[in-house]
Amino acid sequence: MNRCSTGHVINSGLIFIFLYIPLLCVAMFSFNANKFGLTWDGFTFDWYRQMFHNEVILKAAWNTLLLAVVSTIISTVLGTMLAIGMYRFPWKKKTMRKLDTLLHLPVVTPDIIFAVALVIAFSVIRHFTGLFELGMPSMIVGHVTFQISFVALVVRGRLEVIGHDVEEAAYDLYADHKRVLFKVLLPLLKPGIIAGAMLAFTLSLDDFVISFFTAGPKSTTLPLFIYSALKRGITPEIHALSTIIMVLTIVLVLVMQKFTAKNGGEIH
Amino acid sequence: MIDAEKKAPSRPDNSYTVFHGGLVKKKTLSRRAFSFISPGFVWSLIFLVIPCLALFVVSFTTRGDYGQIEWTFTWENMKQLAGFGFFGWSADNLLIVWRSIVVAVVTTFLCVVLSYPLAFFLASRPDKTRTIWLALLLIPFWTNLVIRTYAWFLALAPNMPLAQLLQNIGAIDPGQPLYPSTFAVYLGMISMFLPFVALPLYTAVEKMDWALVEAAHDLYAGRWRVFRHAILPQTMPGLSVGITLTLVPAMGMFVVPDMLGGSRYMLIGNLIQQQFGTSRNWPLGAALSLVLMLLTLSALMASRRRELKKEA
């Protein structure tokens, strides 16, 4: 079945080259011995070595990871509950539509609006109570708020795949709702929940805009660090750091794909 | 009336409902449902809905002398947005809003044009290699925004092949990088949003009925007519998702124009960032965000209306 002309193949090849050339440039320069110019001066691992001794970078890496883990845990729990509550109970159509809009809001709004709204809300709260200094907690709140929707949407997808049959069978066999939840629904949902959590985790690692607005002076993350390094002037350590993040991304994408592929095949 | 209704014994009891084949009290059921949704719902209410309302209120307040918010309500920010400033009227702000729309629309258009061949290419791969190609498309998509933009920064540097080539033919001065320029901004934007269009489009192309395309060919339709009448309607759902996913965030983008466009390439996102950063004029920043939100909403409504029209 040949639906794809040579022209399409050439076009697509060029597009892939277009997507990868900049990334390869970064990787290449991370091994370049030349410190100042961008000319090639021989191969070196020095920047990687230096990077692992740079305390600011290590602190930023720790912050990024902490932020991603904590926000993923919170958002996975809340998002899963939201998905089950919304799509397993007979809501009125009108209520359902409103809840649906609320759920889609963070997915479709540009994140800058939503970051700005949070900053304003935090500052108003701070003005009256003295609480909510910008920093790690405010970043976690920001990340959880947009992650919830993504988790809920992924879990909903899985709920639709599962269908009602197994649950109904369990109810017919006189299982109470607690049993149905813990012995039937949650085990069946597990791949969906894990996929949702992984999506939330990558989104958190990936985020720049919301962190940019809600970060305090002490809670720099890796993307924020790279951004400010670009403004100050680049050191080759940044190339090494970016390359490592890219490699981690590739690993995460491959794992995630394997997971979703298995997830889809299992139930049908 | 109401009493009579209550007393009537033949009427079915409204407080029960059938749920999964069993009779459950409606109250129990809604209590159970609420216990599931309330944590997430309350979270979204506190950290999403209320902040957006706060944004709305703040956009009508005044900036204090030290950059604080003063709770006196005016139309001043809106006037300033429309260009009525301290020094009389200027078109700067309106120009930036207009430019944001243009950049978003052009980016979306280019992404769509580039995504079609890609979608056909992906859909025609055999099952085994298709996952690899999809992964190849996903990797740049998941790579951090800042890193990707910075990667363009490197790729367009003065001594990289592309800039060298242009220097040799004399299009740019020797030793000159390709940024800051409109060209660089579009390169960055396209590489940022291309997968957002390509992936939904691929899903649509994969499900396409090729018999229609063949029939069109058989009836001597030219390439354009085949596309217009046989391919476009079938890929419309994927296309409209892709357009929404690109158009809306592209309007609010500020990292790419900031890094690749230089200080003169302001979009509404950069302007908002500036008001919350160096200028410390939160009310004006909030007003700008409100404008961006309205633009977003109108883009969403337009795509929603399309869907509704199609259903009817």
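This passage goes through the charged and aromatic side-chain contacts of a predicted model, along with one nonpolar surface patch.

Salt bridges come up first. Across all chains, the search turns up five of them. One sits inside helix H2 of chain A (residues 46-51), where A:Asp46 and A:Arg49 are three residues apart, or about one turn of the helix. Their side chains meet with an N to O distance of 3.2 Å. Neither partner is tucked away: A:Asp46 is partly exposed at 35% relative accessibility, and A:Arg49 is exposed at 52%.

The bridge between A:Glu167 and A:Arg88 has its closest N and O atoms 2.5 Å apart. Here the two partners come from distant parts of the chain, 79 residues apart: A:Glu167 belongs to helix H7 (residues 165-172), while A:Arg88 is in the loop between helix H3 (55-87) and helix H4 (93-108). Both ends of this bridge are under the 20% cut-off for burial, so both count as buried. The relative accessibility is 4% for A:Glu167 and 6% for A:Arg88.

Over in chain B, B:Glu206 pairs up with B:Arg130, and the closest N and O atoms are 2.6 Å apart. This is another link between distant parts of a chain, with B:Glu206 in helix H8 (residues 182-206) and B:Arg130 in helix H5 (residues 127-142), 76 residues apart. The two ends differ in cover: B:Glu206 is partly exposed at 40% relative accessibility, whereas B:Arg130 is buried at 12%. The pair is also part of something wider, since B:Asp127 joins B:Arg130 and B:Glu206 in a network of salt bridges.

On the nonpolar side, chain A carries a surface patch made up of A:Ile10, A:Leu14, A:Ile17 and A:Ile21. Together these four residues offer about 380 Å² of accessible area. A:Ile21 lies in helix H1 (residues 6-29) of chain A. With a relative accessible area of 41%, A:Ile21 counts as partly exposed.

Then there are the aromatic rings, which give 31 pairs over all chains. In the pair formed by A:Phe31 and A:Phe43, the ring centres are 5.0 Å apart and the planes make an angle of 10°, so the pair is stacked. Both residues sit in the loop between H1 and H2 of chain A, 12 residues apart. A:Phe31 is partly exposed at 21% relative accessibility, while A:Phe43 is exposed, with a relative accessible area of 57%.

Chain B offers another geometry in B:Phe56 and B:Phe60. Their ring centres lie 5.5 Å apart with the planes at 70°, so this pair is edge-to-face. At 44% relative accessibility, B:Phe56 is partly exposed, but B:Phe60 is buried at 17%.

Aromatic side chains also gather into one cluster that draws on both chains. Chain A supplies A:Phe208, A:Phe212, A:Phe213 and A:Tyr227, and chain B supplies B:Phe254, B:Phe276 and B:Trp282. Finally, charge and ring meet in chain B, where B:Arg99 lies over the face of B:Tyr265 at 5.4 Å from the ring centre.

Technical notes
Residues numbered from 1 in each chain as written. Chains lettered and ligands numbered in written order. Predicted model: local features only at pLDDT ≥ 70, side-chain atom pairs only at ≥ 80, totals over all residues. Heavy atoms only, no water. Helix = DSSP H or I, 4+ residues; strand = E, 2+ residues; numbered from the N terminus. Buried < 20%, exposed > 50% of the residue type's maximum accessible area, 1.4 Å probe, protein only. Patch = residues over 30% accessible without salt bridge, like charges linked within 9 Å, V, L, I, M, F, W, Y side chains within 5 Å. Areas by Shrake-Rupley, 256 points an atom, 1.4 Å probe, with all protein chains shown as cover. Phe/Tyr/Trp six-rings, centres within 6.5 Å; stacked < 30°, edge-to-face > 60°. Lys NZ or Arg CZ within 6 Å of the ring centre and 35° of its normal.
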